[in-house]
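Colleague: I am new to this one, so could you walk me through it at an easy pace?
Modeller: Gladly; here it is to look at together.

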Amino acid sequence: MSYQVEVQSIKRKVVPEADDDLAKSVSEFATLEELRAKLRTDLMEQAKRRVELAAKQKLLDQLLQAHEFPVPEIMVEAQLDRKLERVWGQLLSQGVDPRQAQVDWRKVREDSRKDGEKEVRASLLLTKIAAAEKLEVSEEEIDEVIREMAQETHQPPATLKTRLTHDGELDSMKSTRRNQKAIDFIYRNAKTTRKSE
């Protein structure tokens with residue numbers, strides 16, 4: 001068996017020279033060295049944030065292991081509702097109708113139960129820590145979060161704040177921010193030791 005093929009065109013990728021002109025065309029920097037320095041700094045900051053986030057998660061996991069207690073079922077159910085609403089929202093934003101998706105939502109909910117219980121327990125612990133340490137969230141902090149969200153979603157901040165208030169999400173945002181302050185407090189005050197190999 002033989003085939004005959006006609007080549008329509010041959011393309012070659014042309015990569016621009018890595019120089020000051022490239023730096024000017026792709027960034028606000030005048031030189032390639034300035035661009036490289038900024039990229040290096042950004043990468044180091046990202047790595048630092050990843051390490052900090054992992055350490056905070058490990059601290060939270062240890063805190064949860066040290067404080068086992070039953071959590072109210074109604075809170076677990078509410079957490080599972082929020083998780084599924086987020087999944088539905090993500091599917092809708094991708095143009096997928098969740099009702100048409102071949103997904104057993106009851107099974108997804110049940111499979112998420114253990115994580116939901118853990119999240120509720122973590123929230124209760126962090127709320128207690130925040131209260132004990134008198135950690136509060138100011139209106140200015142919430143307004144800053146709303147401004148960032150508004151910028152991402154291309155909405156006026158006042159409109160977004162009104163909607164969040166109407167939907168009852170503002171209190172949830174304050175609670176989440178307060179819990180973040182609590183885990184930040186724990187992280188800042190944790191005594192770290194290196195494991196000997």
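What follows is a short set of questions and answers on side-chain contacts, cores and two loop residues.

Colleague: What kind of model is this, and how are its residues numbered?
Modeller: This is a predicted model, where local features need pLDDT of at least 70, side-chain atom pairs count only at pLDDT 80 or more, and totals for chains, interfaces and linings use all residues. Side-chain values use heavy atoms, with hydrogens and water left out, and residues are numbered from 1 along each chain as its sequence is written.

Colleague: How many salt bridges are there?
Modeller: A salt bridge here is a side-chain nitrogen of Lys or Arg within 4 Å of a carboxyl oxygen of Asp or Glu. By this rule the count is 20.

Colleague: Where do Asp42 and Lys38 lie, and what is the N to O distance of their salt bridge?
Modeller: Both residues are in helix 2 (residues 32–66), four residues apart, which puts about one helical turn between them. Helices are DSSP runs (H or I, at least four residues), strands likewise (E, at least two), numbered from the N terminus. Asp42 is partly exposed at 29% relative accessibility, and Lys38 is partly exposed at 36%; buried means under 20% relative accessible area, exposed over 50% and partly exposed in between (1.4 Å probe, protein chains only). Their side chains meet at 2.9 Å, N to O.

Colleague: Is Lys56 buried or exposed, and which residue forms a salt bridge with Lys56?
Modeller: Lys56 has a relative accessible area of 14%, so this residue counts as buried. The salt-bridge partner lies four residues away in helix 2, about one turn of the helix, and is partly exposed at 26%. With 3.1 Å from N to O, that partner is Glu52.

Colleague: Which residue makes a polar contact with the side chain of Lys56?
Modeller: Contact means heavy atoms within 4.5 Å, and Lys56 touches Ile183, Asp184 and Tyr187, leaving aside residues up to four places away in sequence. Lys56 also lies over the face of Tyr187, 5.6 Å from the ring centre; a charge sits over a ring if NZ of Lys or CZ of Arg is within 6 Å of the ring centre and within 35 degrees of the ring normal. A polar contact is a pair of N or O atoms within 3.5 Å; within protein, one must be able to donate a hydrogen and the other to accept it, and residues adjacent in sequence count only if both atoms are side-chain atoms. At 2.4 Å, the side chain that makes this contact is that of Asp184.

Colleague: Which residue meets Arg109 in a salt bridge at 2.8 Å?
Modeller: The side chains of Arg109 and Asp81 meet at 2.8 Å, N to O. This pair links distant parts of the chain, 28 residues apart, with Arg109 in helix 4 (residues 105–111) and Asp81 in helix 3 (residues 73–93). Salt bridges with shared partners join both of them with Glu73, Glu77, Glu110 and Arg113 into one network. So the residue you asked for, partly exposed at 34%, is Asp81.

Colleague: What is the angle between the planes of Trp88 and Trp105?
Modeller: Rings of Phe, Tyr and Trp (its six-membered ring) pair if their centres lie within 6.5 Å, and planes under 30 degrees apart count as stacked, over 60 as edge-to-face and the rest as tilted. The search of the whole structure finds one aromatic pair. Trp88 lies in helix 3 and Trp105 in helix 4, so the pair ties together parts 17 residues apart in sequence. This pair is tilted, with 5.6 Å centre to centre and an angle of 45°.

Colleague: Which helix gives the most residues to the largest nonpolar core?
Modeller: A nonpolar core is a set of buried Ala, Val, Leu, Ile, Met, Phe, Trp, Tyr and Cys residues joined through side-chain atoms within 4.5 Å. The largest has 12 residues, including Leu60, Leu126 and Ile183. Helix 2, helix 5 (113–132) and helix 8 (169–189) each give two or more residues. With five residues, the one that gives the most is helix 5.

Colleague: Where is Lys134, and what is its phi?
Modeller: Lys134 lies in the loop between helix 5 and helix 6 (139–153). Lys134 is exposed, with a relative accessible area of 68%. Its phi is positive in a residue other than glycine, near 55°.
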